[in-house]
Amino acid sequence: MSIVHLQNVEIINSEARFSDPYIFKVTFECISPLEDDIEWKLIYVGSAESEEYDQELDSCMVGPVPVGVNSFEFEAEAPSPDKIPASDLLGVTVILLTASYKGAEFIRVGYYVNNAYEDEEMRENPPEEVQLDKVRREVLASKPRVTRFNINWCVPTANSRDAPKA
């Protein structure tokens, strides 16, 4: 059973320039005390062909986490375009928001991202070299793909401390 339940992820700027940071507001519920912080990461998938182009845009530790509903804002810089194959700068890709406890990932939220020229003329007749200052991204925020993983939370219950030893 999970001790942390993701309640909502709001992408503050789902439509922005390619170079703008990603800004998320994350709300989750913690149903039992945690002894360590939760690590959150945002990963940009640079190419469907290979994980070598994935970029960890940022990570943050959230804690101590009190029991109850918690919320925080997570801002991560845009991906570095020089680490993405030129053929993958435009079109559809994915960003992943992950959460881990004691190094074990317990939730992953994936969003499709479409990178395209703002101008219709440029979309129909793209220049040979991508002009990133004219590219906008749109995160399909309404259709996230959520994957949950069972992990060992290693949280002793009150009863286990009080139980007599055999």
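**Figure 1. Lys-102 in the loop between strand 7 and strand 8.** In this predicted model, Lys-102 belongs to the loop that joins strand 7 (91-101) to strand 8. Its backbone deserves a look: phi of Lys-102 is near 55 degrees, a positive value in a residue that is not glycine. Most residues other than glycine have a negative phi. With a relative accessibility of 40%, Lys-102 counts as partly exposed.

**Figure 2. A cis peptide bond from Gly-63 to Pro-64.** Stay with the backbone for one more view. Omega is near -5 degrees for the bond that runs from Gly-63 to Pro-64, and the bond is cis. Most peptide bonds are trans. Pro-64 itself sits in the loop between strand 5 (55-62) and strand 6 (68-76).

**Figure 3. The aromatic pair of Phe-28 and Trp-40.** Searching the whole structure gives seven aromatic pairs. In the pair shown here, the ring centres of Phe-28 and Trp-40 are 5.7 Å apart and the planes meet at 40 degrees, so the pair is tilted. The two residues are twelve apart and the pair links distant parts of the chain, with Phe-28 in strand 3 (residues 22-30) and Trp-40 in strand 4 (residues 38-45). Are these two residues buried or exposed? Phe-28 is buried at 0% relative accessibility, and Trp-40 is buried with a relative accessible area of 1%. Widen the view a little and ring pairs link Phe-28, Trp-40, Phe-72 and Phe-74 into a cluster.

**Figure 4. A charge over the ring of Tyr-22.** Here the partner of the aromatic ring is an arginine. The charged end of Arg-137 sits over the Tyr-22 ring, at 3.7 Å from the ring centre.

**Figure 5. Cys-30 and Cys-154, two cysteines without a disulfide.** A disulfide is a covalent bond between the sulfur atoms of two cysteines. How many disulfides does a search of the whole structure find? The count is zero. The closest cysteine sulfur to that of Cys-30 is in Cys-154, and at 14 Å it is too far for a bond. Seen from the other end, the sulfur of Cys-154 has its closest cysteine sulfur in Cys-30, again 14 Å away and too far for a bond. For scale, the cut-off for a disulfide is a pair of sulfur atoms within 2.5 Å. As for their surroundings, Cys-30 is buried at 1% relative accessibility, whereas Cys-154 is partly exposed at 40%.

**Figure 6. A nonpolar surface patch that includes Tyr-112.** Val-92, Tyr-112 and Leu-140 make a nonpolar patch on the surface, with an area of about 310 Å². Of these residues, Tyr-112 can be placed in strand 8 (residues 104-117).

**Figure 7. Arg-145 beside Gly-110.** Arg-145 lies in strand 10 (residues 145-148) and is exposed, with 65% relative accessibility. Which separation goes with the pair Arg-145 and Gly-110 in space? Their C-alpha atoms are 4.9 Å apart, although 35 residues separate them along the chain.

**Figure 8. Asp-119 and Arg-136.** The last view takes in another pair of residues. Asp-119 is located in the loop between strand 8 and helix 1 (120-124), and it is partly exposed at 39% relative accessibility. From C-alpha to C-alpha, Asp-119 and Arg-136 are 9.6 Å apart in space, with a separation of 17 residues in sequence.

Key. Residues numbered from 1 in each chain as written. Predicted model: local features only at pLDDT ≥ 70, side-chain atom pairs only at ≥ 80, totals over all residues. Heavy atoms only, no water. Phe/Tyr/Trp six-rings, centres within 6.5 Å; stacked < 30°, edge-to-face > 60°. Helix = DSSP H or I, 4+ residues; strand = E, 2+ residues; numbered from the N terminus. Buried < 20%, exposed > 50% of the residue type's maximum accessible area, 1.4 Å probe, protein only. Lys NZ or Arg CZ within 6 Å of the ring centre and 35° of its normal. Patch = residues over 30% accessible without salt bridge, like charges linked within 9 Å, V, L, I, M, F, W, Y side chains within 5 Å. Areas by Shrake-Rupley, 256 points an atom, 1.4 Å probe, with all protein chains shown as cover. Salt bridge = Lys/Arg side-chain N within 4 Å of Asp/Glu carboxyl O.
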